[in-house]
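Let's take a friendly walk through a protein and look at how its charged side chains pair up. Have the sequence and the 3D view ready, and find each residue as it comes up.

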Amino acid sequence: SSSTSPTTTVVSGADNTIVTSITEAAVETTIAAVVPNAAACVQGQWTMRNDTFAEYFASNMASLGEGELIATGVSGSVMIEVAADGTWTVNYSAWALSASMPTIGADVSIVINGVDVSTGTFKDDGTYAFSGVSIGTTINFSATVDGVAFPIPPMERSTQVIDGGGTFTCSGDEMMLTVDTSASGGAFVMDRTG
């Protein structure tokens, strides 16, 4: 934001003096992230940073009305292959999140296995969107309250875990996706592995 003080200019002529005052309005500017050659930068093989994805997933579940989830552990892996045509193949290999739900005194476990495929459009203006989603993953939940196990039915869903749109950064061997708050919000980081 910038602002300047009024400037006064006096113009003198033979018979008159004209005083003009010009004030610059404050200008608010937001500069969007720019990702040069975005489509090329995101191509390749990536591995999800488990800690950032665990936090994202826990907050995502909480936004769906599941109650506050506090991540306490994460294991397994999420490998992403981004092809030149924009196809994203996301392979979950026994990715597991352990978390507590303080509101009900529960400990929960969430395990994701399988492969989701979609098309990612990543633009130089730092925005992205996924389309053409094919869900091939299963998400299994279990919960324990006061030492008693409670079975939780599989989640019915029409979207993959990494879905929707938002903004991103991609530079060298690191990519971060920030999900629109109109969806679930949050961000996660991936490291280039190929």
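In this predicted model, the side chains of Asp173 and Arg192 come together in a salt bridge, with 3.5 Å from N to O. The two partners sit in distant parts of the chain: Asp173 lies in the loop between strand S10 (165-171) and S11, while Arg192 belongs to strand S12, and 19 residues separate them. Is Arg192 buried, exposed or something in between? With a relative accessibility of 24%, Arg192 counts as partly exposed, because that label covers values between the 20% limit for buried and the 50% limit for exposed.

Why can such pairs form at all? Side chains of opposite charge can pair when their charged atoms come close.

Now move to Arg49. One of its partners is Glu174, and the closest N and O atoms of this salt bridge are 2.8 Å apart. Here, too, distant parts of the chain are linked: Glu174 is in strand S11 (residues 174-179), and Arg49 is in the loop between strand S3 (44-48) and helix H2 (50-66), 125 residues away.

Arg49 also forms a salt bridge with Asp191, where the closest N and O atoms are 2.9 Å apart. Asp191 is found in strand S12 (residues 187-192), 142 residues from Arg49 in the sequence. Through shared partners, salt bridges join Arg49, Glu174 and Asp191 into one network. In total, the count comes to three salt bridges.

How open to the surroundings are the members of this network? The table gives their relative accessibility.

| Residue | Relative accessibility | Class |
|---|---|---|
| Glu174 | 38% | partly exposed |
| Arg49 | 28% | partly exposed |
| Asp191 | 26% | partly exposed |

Let's step back to the whole protein chain. How many helices and strands does it have? The secondary structure comes to two helices and 12 strands. Following the sequence from start to end, you meet them in the pattern β-β-α-β-α-β-β-β-β-β-β-β-β-β.

The chain has 194 residues, and 31% of them are buried. As for its surface, the protein chain exposes about 10,600 Å², of which carbon and sulfur atoms supply 55%.

Finally, consider contacts between residues at least 6 apart in sequence: 59% of these join residues at least 24 apart. The salt bridge of Arg49 and Asp191, whose residues are 142 apart, is a good place to look at how distant parts of the chain are linked.

Definitions and conventions. Residues are numbered from 1 along each chain as its sequence is written. This is a predicted model: local features need pLDDT of at least 70, side-chain atom pairs count only at pLDDT 80 or more; totals for chains, interfaces and linings use all residues. Side-chain values use heavy atoms; hydrogens and water are left out. A salt bridge is a side-chain nitrogen of Lys or Arg within 4 Å of a carboxyl oxygen of Asp or Glu. Helices (H or I, at least four residues) and strands (E, at least two) are DSSP runs, numbered from the N terminus. Buried means under 20% relative accessible area, exposed over 50%, partly exposed in between (1.4 Å probe, protein chains only). Contact means heavy atoms within 4.5 Å. Accessible areas come from the Shrake-Rupley method with a 1.4 Å probe; for residues, only the protein chains shown count as cover.
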